[in-house]
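Here's a structure you may not have met before, so let's walk through it with some questions and answers. Have a look at it first.

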Amino acid sequence: MGNFDVIVVGAGTAGSYASYLLAKAGLNVALIEMKGKDRVFKTTGDAIGIHHIERMTIKPPSDVFMIKYEGAELFSPDLSIKYVVLGKGFGLDMAKWARWLIGEAERAGAHIFDNHKVQGPIIESGMVSGVRVLKPDGSTEEFRAKVVIDASGVGAVVRSRLPREWWVSEPLLPEDVSNAYREIIQVDYDIEKPEFIKIYLDANIAPGGYWWLFPKSRNIMNIGLGLWGKLSEEQGLNPRHNYDKYLANSQYTRGRKIIHVGGGIVPTRRPLPSLVANGFLAAGDAAVTVNPVHGGGIGPALLSAELASKTVLEAFEKGDFTERGLWRYNIEYLRAYGIKQAMLDVFRLMLQTLTNDQLNRGLKARLLTEDEVLEISEKGSLELSLIDKLKIGLRLMKVPDVASKLRLALRYMGEVKNLYETYPESPSGLSSWYGKLTSVYHDYAGKLGITLKWLSNT
């Protein structure tokens, strides 16, 4: 039986970075990964904003960066309108990135248990006290620790097996995910402006989502699409099918030579009601920290790992590993990113109700300028002067049906922001606060004309 200070489940971005930070601080850390440590690879869009890299306490080697980005080009469904939103970032080599982060955790002193599969939590007297693990030889072992961090990705192998009455175990529903498929391919032409990632809004190719082309070099790209899980469930839509139908043999993929294929589920929703329980924290995709609008998850994974590690170190100083003792993580996370995440979730739901015709007309009328789109993506809100409001008002008059939805989203983004700013300082206030959150979403969903299962489950 292994005894540790901290057990981290999953050696992806969040798990490896948290293990590095905790081991570096002197804790006895077990990092448990179901794959071999040289085979850890996350299927993503591979892009990360430069501000996330600059925030890290270790600097990645240059070979993990395949390309430097200057911003994003956003296209209307009919391709007649292009928005250019500036913002520096990188395209990562995800295999090298994963190997580097795991290596840093190991060098800092974390014990790596690869090819070990976590089967679920050990719960004793209402506390998570460890995990049950299937070892490479087929035997099982109990690993125990004061704290368990679930960073196992969207499957959340520990969090999803915690008692349902625990706030942290809220299930991930199809309406709150994007189902994605992507290929990394080489093409026989030079990609135009490879320093810009390209995002295409098209409700036929990617219903309730978008399709993307992220250059990785002059003639290598990450190309794929994500579609709303609610539509997959209700209409049987499949991202691989849509990719094969619309993109695989398109002008964008001319001379296609496949380097890597993959797909997965991307959580695109509001934050969990709580990221902690007695002896437990969640980070990265297991904590649904992904940006709800553009689906970026690498940066938030790093941020959540940093904040979770800080909370764990404080818990060891105080000797308090209860839900209350770990509660600070919720507060810090919401301040740093979660409030913005909640507001972007409101914006996402509005976008998912727009037709191609509405998207074309709304973008053509420049309902939002590039700067306003950037402000929403960076802050989750739009701070407007009286003059700006008048200018937007004039633009809104051109497309009243789209304008009414935009106004509705901006209004409820404000309501959700105000509510999350009053998130309770301790677990005792969560039940009444959550009731207010569901009430706001009930109103919003009703006005949008959509049904959300999570509201009927509460």
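Q: Is Ser428 buried or exposed?
A: Keep in mind that this is a predicted model. Ser428 sits in the loop between H12 and helix H13 (430-448). Its relative accessibility comes to 63%, and anything over 50% goes down as exposed. So Ser428 is exposed.

Q: How far apart in space are the C-alpha atoms of Ser428 and Arg324?
A: Along the chain, Ser428 and Arg324 are 104 residues apart. In space, their C-alpha atoms are separated by 9.1 Å.

Q: Which helix gives the most residues to the largest nonpolar core?
A: That core has 133 residues, and Trp97 and Val131 have the most contacts inside it. The helix giving the most to this core spans residues 328-351 and puts in 13 residues. That's helix H8.

Q: How many residues are in the other core, the one with Tyr200 and Leu213?
A: This core lies apart from the largest one. Among its members you'll also find Leu227 and Tyr243. Its residue count is 19.

Q: How do H8 and H12 run, roughly parallel or roughly antiparallel?
A: H12 covers residues 400-420, and its axis is 9 Å from that of H8. The two pack at an angle of about 155°, and angles over 145 degrees count as roughly antiparallel. Therefore H8 and H12 are roughly antiparallel.

Q: What is the handedness of the crossing of H8 and H12, and how many charged residues does their contact have?
A: The crossing is right-handed. On the H8 side, the contact includes Leu334, Met343 and Phe347, and on the H12 side it includes Lys405, Tyr412 and Lys417. By class, there are 13 nonpolar residues and no polar ones, and the number of charged residues is two.

Q: Are H1 and H3 roughly parallel or roughly antiparallel?
A: H1 takes in residues 13-24 and H3 residues 94-107, and their axes come within 8 Å. They cross at roughly 25°, and an angle under 35 degrees counts as roughly parallel. So H1 and H3 are roughly parallel.

Q: How many nonpolar residues are in the contact of H1 with H3?
A: Residues of H1 including Thr13, Tyr17 and Ala23 meet residues of H3 including Trp97, Leu101 and Glu104. Three residues of this contact are polar and one is charged. The nonpolar ones number seven.

Q: Which residue of H1 is in contact with Trp97, going by Trp97's contacts beyond its neighbours within four places in sequence?
A: Those contacts include Ile53, Met56, Pro60 and Leu302. H1 spans residues 13-24, and one of the listed contacts falls in that range: Thr13.

Q: Is Asp46 buried or exposed?
A: Asp46 is in the loop between strand S2 (29-33) and strand S3 (47-49). It has a positive phi of about 70° although it isn't a glycine. Its relative accessibility is 2%, and under 20% means buried. So Asp46 counts as buried.

Q: What is the relative accessible area of Ser125?
A: Ser125 lies in the loop between strand S7 (117-124) and strand S8 (127-134). Its phi is positive too, near 55°. Ser125 is exposed, with a relative accessible area of 81%.

How values were computed: Residues are numbered from 1 along each chain as its sequence is written. This is a predicted model: local features need pLDDT of at least 70, side-chain atom pairs count only at pLDDT 80 or more; totals for chains, interfaces and linings use all residues. Side-chain values use heavy atoms; hydrogens and water are left out. A nonpolar core is a set of buried Ala, Val, Leu, Ile, Met, Phe, Trp, Tyr and Cys residues joined through side-chain atoms within 4.5 Å. Buried means under 20% relative accessible area, exposed over 50%, partly exposed in between (1.4 Å probe, protein chains only). Contact means heavy atoms within 4.5 Å. Axes are lines fitted to C-alpha atoms, for helices over the stretch in contact, and angles run from 0 to 180 degrees between N-to-C directions. Angles under 35 degrees count as roughly parallel, over 145 as roughly antiparallel, 65 to 115 as roughly perpendicular and the rest as oblique. A crossing is left-handed if the near helix is turned anticlockwise from the far one by less than a right angle, and right-handed if clockwise. Ala, Val, Leu, Ile, Met, Phe, Trp, Tyr, Cys and Pro count as nonpolar, Asp, Glu, Lys and Arg as charged, and the others, Gly among them, as polar.
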